[in-house]
Amino acid sequence: MAMTLTVASSLVLFLHFISSIASIDRSQFPNSFLFGVATSSYQIEGAALEDNKGASNWDVFTHLPGKIDDGSNGDVADDHYYLYEDDVELMHSLGVNSYRFSISWSRILPRIQPFVTLSHYDIPQELEDRYGAWLSSEVQRDFGYYAEICFREFGDRVKHWVTLNEANLWPKFSYMLGTYPPGRCTQPFGNCDFGDSTIEPYITAHNMILSHAIAISNYKKNYQMKQEGVIGIVLYAKWYEPFRNITADHIAAKRALTFALDWFLDPVIFGDYPPDMKAFFSSRLPAFTDLEKKMLQLKVDFIGLNHYTTIYAQDCKFSCEVATSDGNAMVITTTERNGRSIGEPGMHNAATIVY
């Protein structure tokens with residue numbers, strides 16, 4: 001598919017860019033190029049319940065015994081809520097000219113262009129308690145209402161909006177593996193008290209995609225022209241290389257990318273799930289109605305790709321143990337081949353935005 005090839009080509013170019021970063025100078029980029037940093041509110045803000053803030057899913061989850069290995073939480077975190085002016089000065093001293101942050105604290109900062117994320121793995125605990133949050137289609141209405149408030153109140157200053165951060169990873173962590181709130185899963189993926197790892201990731205992903213579409217539709221119809229901004233989505237973009245130079249592993253690497261990335265890219269670009277996924281999971285993937293497909297035709301202005309790592313993919317379509325395969329893509333993944341790592345280990349992620 002054309003979009004898949006475009007995204008793949010962009011990732012290859014970006015990986016080449018990273019490998020040669022030592023020889024890069026700012027003068028090689030146009031003046032409009034944005035160098036930036038990114039955060040999420042829960043990871044840095046602190047001030048968990050101050051100034052009448054309501055509890056988020058992470059506020060509750062991190063206080064449950066055994067959920068976080070070292071027992072830490074974000075009650076204080078980096079104390080960014082109170083130190084944000086100092087932190088902005090630090091960013092400015094680094095020479096960056098953009099900052100992607102979550103809207104939950106929604107501070108609009110001078111001298112730096114804000115890239116605002118509407119939801120970065122967090123959601124009000126009230127919605128979890130009331131109807132199961134992303135498991136219910138009711139979340140689409142509430143997310144749309146939340147997005148409307150943000151566009152109306154902050155759109156005069158915010159010109160770059162992100163609906164969801166790493167939406168294609170969120171259902172896996174929260175509803176397949178159970179390592180993120182609300183901690184739902186079933187064996188062999190994890191050991192949770194409730195959930196269904198075979199169905200719930202696809203239900204929640206469906207509601208995320210439609211929530212994204214509702215926000216996009218509202219912004220483009222009611223705000224984009226007068227506010228002169230752009231809106232998109234950020235996805236997790238792991239890259240896969242075939243473990244062996246055989247057809248089965250080449251197909252497996254493409255299938256892993258499809259099940260990880262095109263799972264969301266195809267609906268937000270083409271209006272429906274990838275054919276390969278529909279063939280494998282026809283009983284699990286919810287269907288889009290004609291009205292929903294029409295709403296999905298309002299395209300994003302950009303796609304953000306968070307790239308952390310590249311790994312090898314080996315086909316196991318006829319021999320997989322589900323718990324060892326990459327999600328449900330029926331591949332076994334590894335970072336080593338013949339005793340050699342696929343690349344130098346790193347500590348930080350790189351992110352690019354494809355317009």
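Me: Before we look at anything, what counts as a salt bridge here?
Reply: A side-chain nitrogen of Lys or Arg within 4 Å of a carboxyl oxygen of Asp or Glu. Keep in mind that this is a predicted model. Now take Glu148 and Arg152: their side chains meet in a salt bridge, at 3.6 Å from N to O.

Me: Okay, and where do Glu148 and Arg152 lie?
Reply: Both are in helix 6, four residues apart, or about one turn of the helix. Arg152 has a second link as well, since its side chain meets that of Glu153 in a salt bridge at 3.2 Å, N to O.

Me: Are Arg152 and Glu153 buried, exposed or partly exposed?
Reply: Buried means under 20% relative accessible area and exposed means over 50%, with partly exposed in between. Arg152 comes out at 44%, so it counts as partly exposed. Glu153, at 40%, is partly exposed too.

Me: Which residues do salt bridges with shared partners join into one network?
Reply: Glu126, Arg130, Glu138, Arg141 and Asp142. Within that group, Arg141 bridges to Asp142, with the closest N and O atoms 3.5 Å apart. Check the accessibility of each end: Arg141 is exposed at 52%, whereas Asp142 counts as buried at 17%.

Me: How many salt bridges does a search of the whole structure find?
Reply: The search gives 13.

Me: Let's switch to rings. What describes a pair of aromatic rings?
Reply: Two things: the distance of the centres and the angle of the planes. This structure holds 25 aromatic pairs. One of them is Phe151 with Trp161, at 5.1 Å centre to centre and 80 degrees between the planes. Planes over 60 degrees apart count as edge-to-face, so that is the label for Phe151 and Trp161.

Me: Which parts of the chain does the pair of Phe151 and Trp161 tie together?
Reply: Phe151 sits in helix 6 (residues 138-154) and Trp161 in strand 4 (residues 160-165), so the contact ties together parts that are ten residues apart in sequence. As for accessibility, Phe151 is buried at 0%, and Trp161 is buried at 0% as well.

Me: Which residues form one aromatic cluster?
Reply: You can pick these out in the viewer: Tyr42, Trp58, Phe61, Tyr121, Trp134, Phe143, Tyr146, Trp170, Phe173 and Tyr180.

Me: Now helices. What span is expected for helix 8, and what does it reach?
Reply: The idea is to compare the first-to-last C-alpha distance with 1.5 Å a residue. Helix 8 (residues 200-222) has 23 residues and reaches 33 Å, close to the 33 Å expected.

Me: Why is helix 8 described as largely enclosed by the rest of the structure?
Reply: Because 18 of its 23 residues are buried.

Me: Last one, the sheet. In what order do the three strands of the open sheet run?
Reply: The order is 6-8-9, and the pairing is mixed. Look for the edges next: strand 6 (239-242) and strand 9 (331-334) each pair on one side only. From one strand to the next, the twist averages 40 degrees.

Me: And in what sense do strands 8 and 9 pair?
Reply: Strand 8 (residues 310-315) and strand 9 are antiparallel, over four bridges. To follow a bridge by eye, start at Gln314: its partner in strand 9 is Ile332.

Conventions
Residues are numbered from 1 along each chain as its sequence is written. This is a predicted model: local features need pLDDT of at least 70, side-chain atom pairs count only at pLDDT 80 or more; totals for chains, interfaces and linings use all residues. Side-chain values use heavy atoms; hydrogens and water are left out. Helices (H or I, at least four residues) and strands (E, at least two) are DSSP runs, numbered from the N terminus. The expected span of a helix is 1.5 Å times one less than its number of residues. Buried means under 20% relative accessible area, exposed over 50%, partly exposed in between (1.4 Å probe, protein chains only). Rings of Phe, Tyr and Trp (its six-membered ring) pair if their centres lie within 6.5 Å; planes under 30 degrees apart count as stacked, over 60 as edge-to-face and the rest as tilted. Two strands pair if DSSP finds at least two bridges between them. Axes are lines fitted to C-alpha atoms, for helices over the stretch in contact, and angles run from 0 to 180 degrees between N-to-C directions.
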